[in-house]
Amino acid sequence: MIGILFQRFALLSLSGSMVLLPLLLFAGLIQRRYRAQSCAVLWLLLAVRLLLPVRVPLELLRPAVTLPMPEYTAIMLPQTPSESAPAAPASAAPSVGAKPPAAEKAPTRSAAERLGTVWLLGAAVFLLGQGAACRLARRRLMRGAREDAEDRACVERLRRELGVKGNTAVWRTAWAATPLTLGLLRPVILLPEEALPAEHLELVLRHELLHIRRGDLWYKALLLTVNAVHWFNPLVWWMAREAGRNLEYCCDDAVVRGRDADFRRRYGEVLLHAAGGGGPVLCTRFGDSGTRLKGRLMNLFQTKRTGAAMVCVVLAGAVLAGGLVACESAGAAGSGDPAASAAPPAPTETARAGKDLVLENVVLLHLENSEVYVPVNSMEPDVMSADTMGEVLVDRKLTDGTEVVCYWMPDSEYTKYWAIRQGDSLLRFCVEDSAYQAGYSIEEFQNVLGKNGFRIEAPRGAAYQAYDYYYIDTNGVPRLLADCANWVEERDSNGDGEKELLYFYHGGALPYYYFRQGDVIYKADIESLWQNRFPDFQLGAKAPPYEWADRGLTVYYSKKMENSSVEPELQKAYLDFTAETIVAWLEKDASEIGCQWPVPENYQISAFFGSRVHPVTGEKRGHSGVDIAAPEGTPVLAALGGVVVASGFDAVYGNYVELTHENGLSTLYAQLSAREVEAGETVDQGQVIGTVGSTGTATGPHLHFEVTQDGTLVDPLDCYPPLSEEAGAPAELSIQGTTFTYGGRTYDLTERSPAISSITAMEQVGGQILLECHTGPKNNIYVIFDPQAGTFVEELTGTHLIWKGENLTTSVYAFWGDICTYDGIVLATFNLGESGYVSGLSFTEDGKQVEVEIIENGESSTQLVSLP
């Protein structure tokens, strides 16, 4: 029994190492790019997986890639040398369940049992040793410890503020080199004997209480258990160290979340003041030193991605690596597997494009670049006596008993306040400055953008009726959720189970759209999205209330006319809202629109045209088309009529069909589960040419769709509809304060990093735009914008950025005493003390080294650093 258990954990440790090794090698890069909480979830899931030596039944998995290989049986370690089995005859196709030749022998029971016994003894020694070390360290740390009334009062106040349950003791001890917390059931915070400034004390205690609230000591106990079970695997030791280090990043993030750059700098000073280390393994340590401290300081000023997709990919890899990759046998015809012999679904009849009006002509209006909505309040909430309230314009008691009022300020002809009446006091949250005396109201709302609350209506200009949505936060204070105008509609537009907001503003032909992704609310200007995507079409005025059809919001549009005296013919379109895009259905003659969408009813783009990280290989490279997610077997239609020039199979593309059309245009359809046409055939627009699959290098069923114009790859989405001549004009660039404007859209960079105080310089380098942003004394953030993708692609924190030619990936910059490359590799570290700093960087003439100019104690010097 012990031998079998060891064999399972040994195999689990081996398969887990396949996932751990690349993660640990790139742990620094992952830490810089993704939020610490996502990394904490990632390490937690991997730790749990390493404690569960179970196999998921293959019937529950549908492998994305099928590997043709003969049947085999895994022999558990340890193995004994044996001769290779003779090859089976080429004509004999192995069947599912066939036994392999008896070429290898399983280990004897005695050998397996002996190894299992050694494994258990090693785990027991590890746990006993760590437990004894923790107990001795606790005794030493508590020796001579004393309580301090000021510390106790501060802990109690912060404990109530943070919602930490139970009593938390805090002691001063001469044996603690840095603040730390230990104890699973009765946690104790230990502080060094030396006195801390009041501000430092509060930040230290807040950090340690967040550890207690998060249960980080239990997290470390789990890591310790995993380490004991896999004591023979050095990668698990490494993982436990990285996961424990990441917990400090999580609490640092929690302390500075929502705070400005000054607060983050002050917190960084506290980390520097408390620099140090040491303590038992089962504790949290506030202080750090060396590269760990440097990483935490950098983390305070970095904007990171959520990392949810990264966690899912790694978790899937961990499951698959545990022996769960389905290797199906080749020659499945005789396998008896119904899935292997099942014919692909019969293609359905599809309407051909002609003179009839069709709805298969679609264009995607992308929401991925929508602006994050930042509420702008008319005032900061304050509390006043109810005696200051003048004439009440509107008063309503909500379902939960909250009473909301709008009243005149006494002796004022213009000022009115919105407030919550609380007995003899008023909690004011909004001010109106106008002479309007009517048109005010209060209504409740449910499940709008994930919140419940109330909506206030107020006139704020000629033909301008405002609708402001408020919710009550956990402290009982009203917070602005969204501000709308004129006509507003609450509607679950994208089918996510909660209502979004659309509102129509001052004569616009299309509404603004509020939607939520995660905890972030975005605001999209649908009219601008339409005009950018359809530069040759103009919108027809249509006053609300909006018309909703089965296909979505009704839109009226027409072709732009050179002769303004000619009345254009209005056509209909429908806007269907999804989580990431707005699908525009064009009710029009397909020949006038151009390309037909190749997979009707499926509009989720899983990978766009241009640079991307390949989901299978992990390499960053150009993507030659777009990937359209769709169920396996979905019919694929020809985007245009033409001739089939190729129909075959490729290891990467899988089954594919390539068509050539008029005017130098060609289209390619790849990852097909089946091909319905052969080379030389002529096809019509809308004809079924294959079905969706994942027969090449893929992670799931989708259509890979490419478009080539005169031998050059182009973005397929530009064909829906064709771009006007004006669309290719250079976009205007400008910077002002903390905002950057490109192509008519303005980006506020403080939304990416609150530490940014101004954009100090802008430069175009090799097709990208480099923005130098000031964040504080002797420190910058360099933000790189890709105009083709319309997104920010990189952020580098430091100073004196230099690069070679027109390639920003050759960049070198300084972060305090570190000299770093574009991908974060530290080339050299200089100990500059408190007054020293790097004053300049430059490449040597041969380009193989960097000259580093240093100012230290008022004196200048130069150091040479070699490039990799």
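**Exercise 1. Find which residues Asp-395 is in contact with, leaving aside its neighbours within four places in sequence, and decide how exposed Asp-395 is.**

Step 1. In this predicted model, Asp-395 is in contact with Glu-403, Val-404, Val-405 and Arg-421, once its neighbours within four places in sequence are left aside.

Step 2. To place the residue in the fold, note that Asp-395 lies in strand β8.

Step 3. The relative accessibility of Asp-395 is 38%, and a residue is buried under 20% and exposed over 50%. Asp-395 therefore counts as partly exposed.

Step 4. A further distance can be read from the backbone: Asp-395 and Trp-418 are 23 residues apart along the chain, and their C-alpha atoms are separated by 9.7 Å.

**Exercise 2. Work out the strand order of the open sheet of five strands, and say which strands form its edges.**

Step 1. The order of the strands across this open sheet is β7-β11-β10-β9-β8, and the pairing is antiparallel.

Step 2. The edge strands, each of which pairs on one side only, are β7, covering 382–385, and β8, covering 392–397.

Step 3. With direction ignored, neighbouring strands of this sheet are turned by 30 degrees against each other on average.

Step 4. One of the pairs can be followed in detail, since strand β10 (residues 415–422) and strand β11 (residues 425–433) pair in the antiparallel sense over eight bridges. Within this pair, Tyr-417 has Val-431 in β11 as its bridge partner.

**Exercise 3. Describe the open sheet of seven strands by its order, its edges and one bridge between β43 and β44.**

Step 1. Reading across the sheet, the strands come in the order β40-β41-β42-β43-β44-β45-β46, with antiparallel pairing.

Step 2. At the edges stand β40 (758–765) and β46 (826–829), each pairing on one side only. The average turn between neighbouring strands of this sheet is 30 degrees, direction ignored.

Step 3. Strand β43 (residues 791–804) and strand β44 (residues 807–815) are joined by three bridges in the antiparallel sense, and Ile-802 has Val-812 of β44 as its bridge partner.

**Exercise 4. Determine how α8 is oriented against α9 and against α10, and name the residues that make each contact.**

Step 1. The axes of helix α8 (residues 234–256) and helix α9 (residues 261–273) come within 10 Å and cross at roughly 140 degrees.

Step 2. An angle over 145 degrees would count as roughly antiparallel, and α8 and α9 are therefore classed as oblique to each other. Their crossing is right-handed.

Step 3. On the α8 side this contact is made by Asp-252, Val-255 and Val-256, while α9 contributes Phe-263, Arg-264, Tyr-267 and Leu-271.

Step 4. Turning to the other partner, α8 and helix α10 (residues 290–299) pack at an angle of about 30 degrees, with their axes 10 Å apart. Angles under 35 degrees count as roughly parallel, and α8 and α10 are therefore roughly parallel to each other. The crossing of α8 and α10 is right-handed.

Step 5. In this second contact, Arg-245, Glu-248, Tyr-249, Asp-252 and Asp-253 of α8 meet Thr-291, Arg-292, Gly-295, Arg-296 and Asn-299 of α10. Asp-252 of α8 takes part in the contact with α9 and also in the one with α10.

**Exercise 5. Classify the packing of α5 and α6 from the angle between their axes.**

Step 1. Helix α5 (residues 149–162) and helix α6 (residues 198–214) have axes that come within 10 Å and cross at roughly 50 degrees.

Step 2. This angle makes α5 oblique to α6, and the crossing of the two helices is right-handed.

Step 3. Among the residues that make the contact are Cys-154, Val-155, Leu-158 and Leu-162 of α5, together with Leu-201, Leu-205, Leu-209 and Leu-210 of α6.

**Exercise 6. Identify the residue with a positive phi in the hairpin of β47 and β48.**

Step 1. Strand β47 (residues 837–843) and strand β48 (residues 849–856) pair over six bridges in the antiparallel sense, and Phe-843 has Val-850 in β48 as its bridge partner.

Step 2. Five residues lie between the strands of this hairpin, where Gly-847 takes a positive phi near 75 degrees.

**Exercise 7. Set these parts within the whole chain by giving its helices, strands and buried share.**

Step 1. The chain holds 14 helices and 49 strands, and buried residues make up 46% of its 868 residues.

Step 2. Of the contacts between residues at least 6 apart in sequence, 55% join residues at least 24 apart.

Terms used:
Residues are numbered from 1 along each chain as its sequence is written. This is a predicted model: local features need pLDDT of at least 70, side-chain atom pairs count only at pLDDT 80 or more; totals for chains, interfaces and linings use all residues. Side-chain values use heavy atoms; hydrogens and water are left out. Helices (H or I, at least four residues) and strands (E, at least two) are DSSP runs, numbered from the N terminus. Buried means under 20% relative accessible area, exposed over 50%, partly exposed in between (1.4 Å probe, protein chains only). Contact means heavy atoms within 4.5 Å. Two strands pair if DSSP finds at least two bridges between them. Axes are lines fitted to C-alpha atoms, for helices over the stretch in contact, and angles run from 0 to 180 degrees between N-to-C directions. Angles under 35 degrees count as roughly parallel, over 145 as roughly antiparallel, 65 to 115 as roughly perpendicular and the rest as oblique. A crossing is left-handed if the near helix is turned anticlockwise from the far one by less than a right angle, and right-handed if clockwise.
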